Amino acid sequence: MLALLDQLDKGTLWHFPGGIHPPQVKQLSNTTPIGQLPLAAQYLVPVPHVGENCRLAVKVGQQVLKGEPLTQGKSLWHLPVHAPTSGTVVAIEPRASNHASALPVNTCVIVPDGHDTWCDLIPANAAQLTPEQILNKIHTAGIAGLGGAAFPSHIKLNPVSEIDLVIINGVECEPYISADDRLMRQYSHDIVAGVRIIAQLLTPKRIIVAIEDNKPEAITAMQTALASSGLDAGSARVTVIPTLYPSGGEKQLIQILTGREVPSGAIPAKLGIVVHNVGTAFAIHQAVSLGKPLLERVVTVTGTTVAKPGNYWLPIGTPVAHVLEQTGFTPEANQKVIIGGPMMGHALPTITVPILKGTNCILAPSNQEIGEPPAEKACIRCGECAIACPAQLLPQQLFWHAKAEEYDKAASYHLKDCIECGCCSYVCPSDIPLVEYYRIAKSALKQAADEKHQAERAKQRFEARLQRLEEEKRAREAKAKEAAERRQHSMTGADKDAVAQAMARIAAKKAANTLHANDGENPTTLQPISKLTPAAPESMVQTSTVSDTPAPDARQAAVAAAVARAKAKKAALAQSPTQTAEPVEQNTAADTDPTPRSSEVASSQQDKVAAAIARAKAKKAALRLAESENADHSAHTDSSDSDTQNTRPSDATTEKQAKVAAAIARAKAKKAAQQAAEQSTSESSASEPTASEHSARVQRAADTEIRASAINTPAISAASITAAELPDADALKKAKVAAAVARAKAKKAAQAALEDNGASAASTEPMASSAPATPIDQPKRMTHDMPFAHEEPSAHEEPSAHEEPSANDKLSAHKELSANDQPSVNDEPSAHNKPLADGILIAEPMTQPIADAADLTSPEAIKKAKVAAAIAKAKAKKAAQSPKES
């Protein structure tokens with residue numbers, strides 16, 4: 001650094017790459033002193049950062065004084081805005097901004113009262129203030145860089161690194177602009193006073209005031225002011241540099257004076273260098289020494305269309321239209337008004353925009369000075385733009401990527417290092433507005449960065465919210481736990497027992513629901529077991545649940561209850577006097593229906609029990625007879641139950657024979673029922689048939705069976721006739737009552753027949769031997785049709801298309817036809833499942849043979865059909881009992 005300081009003391013200069021020599025045209029405005037303009041009709045003070053880092057300190061209708069702050073904020077980046085004059089705030093609304101796009105921005109509109117009254121100012125001696133106090137005064141005064149960038153000065157004057165060199169920029173290389181030149185000529189002592197305050201804050205080793213050689217009056221004035229400033233002559237000096245555009249750029253000026261190049265993306269403070277404009281030094285002196293905020297600045301108003309070109313003190317917020325009007329602006333056709341110089345400035349879409357802190361020039365050129373830009377032509381790849389670029393960039397590559405909207409690729413070519421000086425556009429032979437492309441690309445990148453930043457902030461807020469909710473949840477849980485512990489400590493022994501029992505019930509219920517959900521099982525599957533009659537055999541319960549594996553918790557209770565009821569039923573069967581009887585019966589699913597019989601049925605409970613037992617025995621005998629016929633195809637009846645279970649039809653012919661045998665059995669039962677009905681209707685009560693009569697009836701049933709086998713026509717079951725086919729509800733009810741009475745009489749007759757059935761054994765033997773074998777799979781199919789049968793038939797046991805209707809159809813039809821004929825649960829055992837000697841479960845058919853469907857067209861026919869069905873049961877019992885005993 002000592003070598004560098006020695007070079008600075010000697011006045012050694014370096015060169016930066018590129019640069020151009022455009023026409024200066026400064027004589028239009030630098031020949032007259034800085035002037036004042038009358039107050040405008042209204043002032044437009046932009047407040048764009050309200051809501052971000054500051055808030056409004058005024059409201060509509062409020063009276064304000066000159067220098068009164070309009071915004072308040074505690075952010076480091078907040079730059080206060082002050083009232084440019086005294087008056088009334090008439091509106092706070094969006095207005096056009098001082099930008100090439102003229103996008104609206106929040107603006108405080110102040111109508112002056114004409115008095116221009118200042119607020120209370122607090123002057124101070126900078127030598128008696130601490131650096132913190134000085135920085136605070138600079139901050140509250142709202143001072144920003146007046147060279148054009150408008151960077152907050154209080155941040156720039158408080159660097160982290162040590163500062164060795166302070167450069168006061170008075171180069172002002174832009175054509176037409178002479179604001180800094182006139183300021184240095186007229187206010188050199190105030191500028192040097194501001195330089196002393198900067199030196200007090202930064203304590204640099206050297207201070208250089210850099211001025212171009214085209215400003216000789218300014219150079220002389222500044223040298224005189226420095227000599228009388230009290231600053232060390234060896235540490236502060238004025239350095240004159242050659243005129244070359246853009247030597248006034250911060251990085252370019254540092255390279256000229258020190259020969260150092262600021263790295264890409266870095267700031268000069270990292271090199272120990274700070275650069276301030278002469279106008280900023282003047283404003284710092286005004287703020288610290290006089291207490292004045294930054295309310296106005298020197299602005300160059302120039303151009304051949306302006307009658308009074310020059311430099312003026314313009315308050316911040318003064319409309320451009322007011323300035324042009326006061327300076328004698330005469331617009332031409334297609335007139336342009338440019339904010340800034342011709343190289344770096346931008347044209348305004350409207351002149352009703354305010355003067356800002358960074359506005360240094362208002363240029364109103366004629367068409368001869370700056371005409372319409374020529375049409376853009378294709379790039380010829382001459383490379384002149386790269387030669388003129390002071391930042392040593394590749395303007396041609398930047399142009400291609402910016403034009404193709406490949407902004408990320410343009411950023412990879414250091415687009416952010418472009419200072420938008422306009423040298424490339426100035427030298428381009430194809431008249432390509434390169435700087436305009438670069439500005440658009442920069443705006444797009446800035447917008448993308450802002451969106452990314454906002455998304456990141458939103459993510460942080462979301463994560464903070466989740467964390468807050470989680471903490472609140474944990475706090476609630478901890479609070480609830482503490483409350484539960486307090487309640488538990490305060491509970492008595494009885495309360496704890498009650499709570500434990502309730503928790504156990506909840507756990508058991510939850511376990512049961514989980515088991516049902518996991519097994520995919522309907523909870524009503526156990527309902528038929530739980531509804532078994534109390535007198536059901538134990539083997540029945542065990543067989544009906546053999547295909548299900550009961551759960552150890554939820555289903556054990558139901559199974560235990562069913563077993564208890566089965567044991568009770570078995571005990572009841574053991575006490576019955578007719579336990580050895582084995583009649584044959586085919587009944588429907590209504591036998592297990594717990595609905596009690598109608599009060600119209602006058603039979604006693606003993607008759608009901610006896611009838612149910614008789615039906616079970618009859619069915620068992622019929623099944624054994626069918627099994628023996630199917631196994632031996634002969635008249636032998638001593639086959640075992642195990643042989644019957646293992647015998648199955650092996651082909652379609654055997655299955656057809658089984659159907660024919662079933663049809664013959666139904667025809668035989670129907671014939672016997674008709675004969676019994678004739679006898680029962682002629683007698684006043686059920687009478688016991690003699691042995692000869694019994695033998696004759698059995699013989700007639702056998703004849704009917706033989707005829708039915710020849711015809712091969714199965715009987716129509718009662719379940720196939722629906723309630724919709726019955727002609728009258730009253731007739732149906734009467735038929736049901738008559739059938740119930742007939743069944744009661746038949747039961748009594750069956751009991752009497754059981755006592756002397758030995759006499760008719762010889763007569764039933766031919767009938768049993770002549771009857772075709774009943775297929776073994778028919779009872780199993782009946783079992784499958786039951787609502788609670790758990791065993792499913794195997795593949796070769798599926799019923800064919802010619803078999804009986806489904807269990808649901810039979811059950812619905814039977815319930816409609818015999819709803820009032822159902823036995824009570826406590827009166828008789830279930831007739832659906834009957835145990836054989838070896839524990840095999842046998843299901844009773846769902847239907848009973850009745851008269852042909854064509855006969856059920858009148859109430860009388862229905863009544864006869866019901867009576868015949870009841871008589872058929874009794875006769876079938878006797879017909880099946882005789883071959884068994886013989």
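Which helix do R468 and E472 both lie in, and how many residues apart are they? Keep that in mind as you open the model, which is a predicted one.

**Stop 1: a pair on one helix**

Select R468 and E472. Both sit in helix α14, four residues apart, which is about one turn of the helix. Now show their side chains: R468 forms a salt bridge with E472, and the closest N and O atoms are 3.9 Å apart. Side chains of opposite charge can pair when their charged atoms come close. Color by accessibility and you'll find R468 partly exposed, at 41% relative accessibility, and E472 partly exposed too, at 36%.

**Stop 2: a network of charges**

Stay with α14, which covers residues 434–490, and select E436 and R439. These two are three residues apart in that helix, again about one turn. Their side chains meet in a salt bridge, 3.5 Å from N to O.

Next, add E420. Its side chain also meets that of R439 in a salt bridge, this time at 3.0 Å, N to O. This pair links distant parts of the chain: E420 is in the loop between α12 (407–412) and α13 (423–427), while R439 is in helix α14, 19 residues away.

Are E420 and R439 buried or exposed? Both are buried. R439 counts as buried because its relative accessibility is 18%, under the 20% cut-off. E436, on the other hand, is partly exposed, with a relative accessible area of 41%.

Add K442 to your selection and you have the whole group: E420, E436, R439 and K442 are linked in a network of salt bridges. Across the structure there are 16 salt bridges.

**Stop 3: cysteines without a bond**

Look for cysteines now. How many disulfides does the count come to? Zero. A disulfide is a covalent bond between the sulfur atoms of two cysteines.

Select C421 and C423. The sulfur of C423 is the nearest cysteine sulfur to that of C421, but it is 3.5 Å away, and C421 is in no disulfide. C421 is buried, at 6% relative accessibility. Then pick C424: its sulfur is 6.3 Å from the closest cysteine sulfur, in C418, so it is too far for a bond. C424 is buried as well, with a relative accessible area of 8%.

**Stop 4: a covered strand**

Select β8, residues 165–170. Six of its six residues are buried. L165, I167 and N169 point one way from the strand, and V166, I168 and G170 point the other way.

What does β8 pair with? Show β9 (residues 206–212): six bridges join it to β8, and the two run parallel. Then show β11 (residues 273–277), which pairs with β8 in the parallel sense over five bridges. V166 is a handy marker here, with I207 as its bridge partner in β9 and V274 as its partner in β11.

**Stop 5: an open sheet**

Now for antiparallel pairing. Four strands form an open sheet in the order β2-β7-β6-β4. The edge strands, β2 (43–46) and β4 (63–64), each pair on one side only. Zoom in on β6 and β7 (residues 104–112), which pair over nine bridges. E93 has T107 as its bridge partner in β7.

**Stop 6: a nonpolar patch**

Finally, switch to a surface view and select L76, W77 and F151. Together they make a nonpolar surface patch of about 340 Å². L76 is in the loop between β5 (71–72) and β6 (87–96), and it is exposed, with a relative accessible area of 53%.

How values were computed
Residues numbered from 1 in each chain as written. Predicted model: local features only at pLDDT ≥ 70, side-chain atom pairs only at ≥ 80, totals over all residues. Heavy atoms only, no water. Patch = residues over 30% accessible without salt bridge, like charges linked within 9 Å, V, L, I, M, F, W, Y side chains within 5 Å. Areas by Shrake-Rupley, 256 points an atom, 1.4 Å probe, with all protein chains shown as cover. Salt bridge = Lys/Arg side-chain N within 4 Å of Asp/Glu carboxyl O. Buried < 20%, exposed > 50% of the residue type's maximum accessible area, 1.4 Å probe, protein only. Pairing = 2+ DSSP bridges. Disulfide = S-S within 2.5 Å.
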